[in-house]
Amino acid sequence: MTVRLGLSLPQMRQYSLGTDVPDVARAAERIGYESLWVFERALFPEPATQGLYGLQGVPWPKQYRGVADPLVTLTLAAAATERARLGSSVLVAPLHNPFQLAKSLASLDAASGGRVVAGLGTGWSLDEYAAAGVRPFEERGRVLDEIIEVCRAVWGPDPVRYDGRITKIASAVVGPKPARPIPIMLGAHGGKALRRLVDHADGWLPVGMGAEQLATQWQELRDLAAERGRKEPIETVLRVNAVYTPKAHDGSDRRPFQGSVDQIVEDLVAHAAVGLEEILIDLQATPRDAGELKDLAAEVYEKARAAGV
């Protein structure tokens with residue numbers, strides 16, 4: 001079965017938020033992409049307390065200097081489109097007040113006619129937590145647990161009641177309600193995070209780092225779901241962070257989704273064979289402007305579909 005394809009919206013500093021986001025969103029829907037996605041980087045520390053992804057000595061990409069707010073970006077895309085789902089991969093959930101995040105997502109879903117996918121994660125940046133975290137970095141897992149519970153409560157029937165460590169709702173009417181139950185998907189990679197996903201979330205948001213590795217992770221997650229007695233299917237959206245270069249990357253050290261369009265599509269074919277439902281393709285890092293991004297997105301889509309993705 002052909003997988004669904006989604007496209008990441010332009011949030012990085014080379015793009016104009018007010019004009020490029022609606023423009024790219026409309027173009028993506030015309031091309032055939034079935035979903036539009038955002039990610040979250042709250043700030044660019046200088047100097048950084050830690051490297052990228054918390055890895056010592058790995059620099060932050062320059063494109064992270066000024067990443068647009070994810071919910072504002074999705075709102076602009078919602079107003080410019082009619083059909084495409086609107087997802088986050090991921091919101092760093094503990095940087096947000098649980099109640100306000102739940103209400104914002106519900107409002108966006110109501111406004112868009114039921115198109116929101118709430119992709120959440122705990123993040124890794126100590127600098128972001130120091131600036132915006134609702135609790136210390138060490139408590140991020142417990143905060144995410146509460147955020148999921150608050151979302152379910154706020155999106156559910158009135159009166160809403162919740163008594164948590166951060167959020168206290170004695171009894172209240174909270175609206176608007178989502179147009180339909182908003183799926184909660186998690187970026188999770190082992191241990192408590194995978195158990196949280198199996199027990200409390202609707203789906204999984206892995207990152208494409210190699211087809212064999214992805215297949216192993218997917219099997220481990222399904223085995224864990226069976227072990228814990230989960231009956232509901234796990235939705236899946238694979239994030240692909242593509243680094244496009246006009247010429248093919250001919251080195252033996254080429255990473256997945258790095259190189260020419262043909263090489264990116266070759267990797268899409270291999271990852272699609274794992275059997276996930278949807279692939280989100282983030283192409284925004286290397287184009288110089290929205291025009292180049294639209295052209296690249298169209299070429300990747302056409303060649304991927306021609307290759308059977």
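This section describes strands, helices and selected residues of a predicted model.

Strand E2 spans residues 35-38. Both of its faces are covered. Ser35 and Trp37 are buried on one side, and Leu36 and Val38 are buried on the other. In a regular strand the side chains alternate between the two faces of the sheet.

E2 has paired neighbours. Strand E1, residues 4-8, runs parallel to E2 and is joined to it by 3 bridges. Within this pairing, Leu7 has Leu36 as its bridge partner. Helix H1, residues 17-31, completes a β-α-β unit with E1 and E2. The unit is right-handed. Strand E3, residues 85-88, is also parallel to E2, with 4 bridges between them. Here Ser35 stands opposite Arg85. The connection from E2 to E3 passes through helix H2, residues 70-80. This β-α-β crossover is right-handed.

Thr81 sits in the loop between H2 and E3. Is Thr81 buried or exposed? Its relative accessibility is 7%, so Thr81 counts as buried; the cut-off for buried is under 20%. Contacts of Thr81 beyond four places in sequence are with Ala25, Arg26, Glu29, Leu36, Leu86 and Arg115. With Arg115, the side chain of Thr81 makes a side-chain polar contact of 2.9 Å. Leu36, another residue touched by Thr81, is the E2 partner of Leu7.

A second region is built around helix H7. H7 covers residues 211-227, a run of 17 residues. From first C-alpha to last, H7 reaches 24 Å. This is close to the 24 Å expected at 1.5 Å a residue. Leu214, Trp218, Leu221, Leu224 and Ala225 are the buried residues of H7. Viewed down the helix axis, these residues fall within an arc of 125°, so they line one face of H7. An α-helix has 3.6 residues a turn, so residues three or four places apart point the same way. On the other side of H7, the exposed residues are Glu212, Ala226 and Glu227. The buried residues of H7 pack against two helices, H6 (191-200) and H8 (261-272), and against two strands, E9 (203-204) and E10 (235-241). After H7 comes Gly229, with a positive phi near 75°.

Strand E10 is largely enclosed by the rest of the structure, because 5 of its 7 residues are buried. E9 and E10 pair in the parallel sense over 2 bridges. In this pair, Trp204 stands opposite Thr236 of E10. The chain reaches E10 from E9 by way of H7, in a right-handed β-α-β crossover. H7 thus links two strands against which its buried residues also pack. E10 has a further parallel partner in strand E13, residues 278-282, with 5 bridges between them. Val240 of E10 is matched there by Ile281 of E13.

Asp163 belongs to strand E6, residues 160-163. Asp163 has a relative accessible area of 63% and is therefore exposed; exposed requires over 50%. The side chain of Asp163 makes a polar contact with that of Lys168, at 2.8 Å. Asp163 and Gly203 are 40 residues apart along the chain. Their C-alpha atoms are separated by 26 Å.

Notes
Residues numbered from 1 in each chain as written. Predicted model: local features only at pLDDT ≥ 70, side-chain atom pairs only at ≥ 80, totals over all residues. Heavy atoms only, no water. Buried < 20%, exposed > 50% of the residue type's maximum accessible area, 1.4 Å probe, protein only. Pairing = 2+ DSSP bridges. Right-handed = clockwise from strand over helix to strand, strands pointing away. Expected span 1.5 Å × (residues − 1). Arc of directions from axis to C-beta. Contact = heavy atoms within 4.5 Å. Polar contact = N/O pair within 3.5 Å; in protein donor to acceptor, adjacent residues only side chain to side chain.
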